[in-house]
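New to this one? Take a look at the model below, and then we'll walk through a few spots on its chains.

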Amino acid sequence: MRRSVRIANTAVIALIFFGGGAVKQSSFAARAQQKTASAAEVKIDNFSFGPAAITVPVGTTVTWTNRDDIPHTVVSTDKVFKSKVLDTDEKFSYTFDKPGEYPYFCSIHPKMTGKVVVTN
Amino acid sequence: MSRKTKDELLHDHNHDGVDRRGFLKCMAWAGTGAFCVIKGGVLNSYSLSRLSEMNPADAKGELSFVQISDSHMGFNKPANPDVAATLQAAVAKINALSTPPEFLLHTGDISHLSKPEEFDTVDQILKSATAKDVFFVPGEHDVLNDDGKQYLDRYGKGAQGNGWYSFEKKGVHFIGLVNVMNLKAGGLGTLGQNQLEWLEKDVKHLKSSTPIVVFAHIPLWAVYPEWGWGTEDSAQAISYLKKFGSVTVLNGHIHQTMQKVEGNVTFHTATSTAFPQPKPGEAPSPGPMKVPAEQLRSLLGITDVNFVRGQHALGIIDANLG
């Protein structure tokens, strides 16, 4: 019990020492919360992206996984991002730092198209 | 395939549901490749897997060559865990031809992932072919990650642009086109303006009696645009070839044989030496068809194909060889 109090005190001192303790703490919390919501998955199956369109908050990292027997790529139509060729079970991730619409396609099989919508 | 046979097929071929307009003339999983004979300026194409039944007289013409396609070296999934062995089997068939072909055409997807060792393996296997000259065009799998630089270094010496070129053999004008570069979202294969302009100039000086053979990876006709099986600007390319009496277009990409005649132009696609793909629209996607191991080689045409696909479609190849 005593020990845990001492740790708590140390923590408070540390926060004060770095200044603006309360504010810092809440921004940490926000960031942690964002982190839990900041990953999204797109699967590549049967020559299609699933889901073909996703909406995610700014800062989200989207990961594509190729589950086909045939290689695919994930290439932004507006040249924002471009994966190397993904063989079976290989992944590609991109973190979206700005809001907007990001259409993309497979440059090997251009009939395969998808879209990431990034919101504030 | 004689002209007469083609006409018969048009009338006789009405069970598939895909060829009612008379466009698709035959579809079959026959052939590791195609043995092509040019006779009287007209190209006749025979499945490599059925050549034992071919009348030897049909194999002789002014010029013969073999088209192989879609080796996908490096592919190792259940649809065919040993694509090197099936390519070797194709070469063995080529070497067993009673009329040795003058050269080979490879219509792309030499490799599966554009890896140097994949190209090396294909080159090594093709060295064992008795026909020493091999003419290539790239498939989309050959130009991954580097915009086709490696492909050009290996196979594109003396070629134009992304690897297109033409050459003459015994009075026949061959044109290798590239339609797998700079593909646009939502689109099909693309030749592009530069290549089209080159093509127009390339054929301008030729006499209209010159037999023309065009080869490219993705079909230069709309086989099934829903799966990307077609080329956006192929109509323009074909329009430059209107004046010629005999035009043959050889493609790969769809891992099955199809033929179509449009005026003076005959279109063919070749099977893959690696794995079969489904007929247009008959599967959720054009991915590799997984078949029991004992059936695989028959689907690649290395052994008799009669058991595998519908009797009807295969009967056409039989008729052609009769």
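A:Lys84 sits in chain A, in the loop that runs between β5 (75-76) and β6 (91-96). Keep in mind that this is a predicted model. Is A:Lys84 buried or exposed? Its relative accessibility is 55%, and since exposed means over 50%, A:Lys84 counts as exposed. This lysine also has company: A:Lys84 gathers with A:Lys79, A:Lys82 and B:Lys184 in a patch of positive charge on the surface.

Now over to chain B and its helix α2, which covers residues 83-95. The helix has 13 residues, and from its first C-alpha to its last it reaches 18 Å, close to the 18 Å expected at 1.5 Å a residue. Which residues of α2(B) are buried? The list is B:Val83, B:Ala84, B:Ala85, B:Thr86, B:Leu87, B:Ala89, B:Ala90, B:Val91 and B:Ile94.

Two loop residues of chain B are worth a look as well. B:Leu97 is found in the loop between α2 and β5 (104-106), while B:Gly108 belongs to the loop between β5 and α3 (116-127). B:Leu97 counts as buried because its relative accessible area is 12%, under the 20% cut-off. B:Gly108 is buried too, with a value of 0%.

Each of these has a partner some way along the chain, with the spacing given here from C-alpha to C-alpha:

| Pair | Apart in sequence | C-alpha separation |
|---|---|---|
| B:Leu97 and B:Ala59 | 38 residues | 9.2 Å |
| B:Gly108 and B:Asp142 | 34 residues | 7.4 Å |

Key:
Residues numbered from 1 in each chain as written. Chains lettered and ligands numbered in written order. Predicted model: local features only at pLDDT ≥ 70, side-chain atom pairs only at ≥ 80, totals over all residues. Heavy atoms only, no water. Helix = DSSP H or I, 4+ residues; strand = E, 2+ residues; numbered from the N terminus. Expected span 1.5 Å × (residues − 1). Buried < 20%, exposed > 50% of the residue type's maximum accessible area, 1.4 Å probe, protein only. Patch = residues over 30% accessible without salt bridge, like charges linked within 9 Å, V, L, I, M, F, W, Y side chains within 5 Å. Areas by Shrake-Rupley, 256 points an atom, 1.4 Å probe, with all protein chains shown as cover. Salt bridge = Lys/Arg side-chain N within 4 Å of Asp/Glu carboxyl O. Lys, Arg positive; Asp, Glu negative; His and termini not counted. Charge placed at Lys NZ, Arg CZ, Asp CG, Glu CD.
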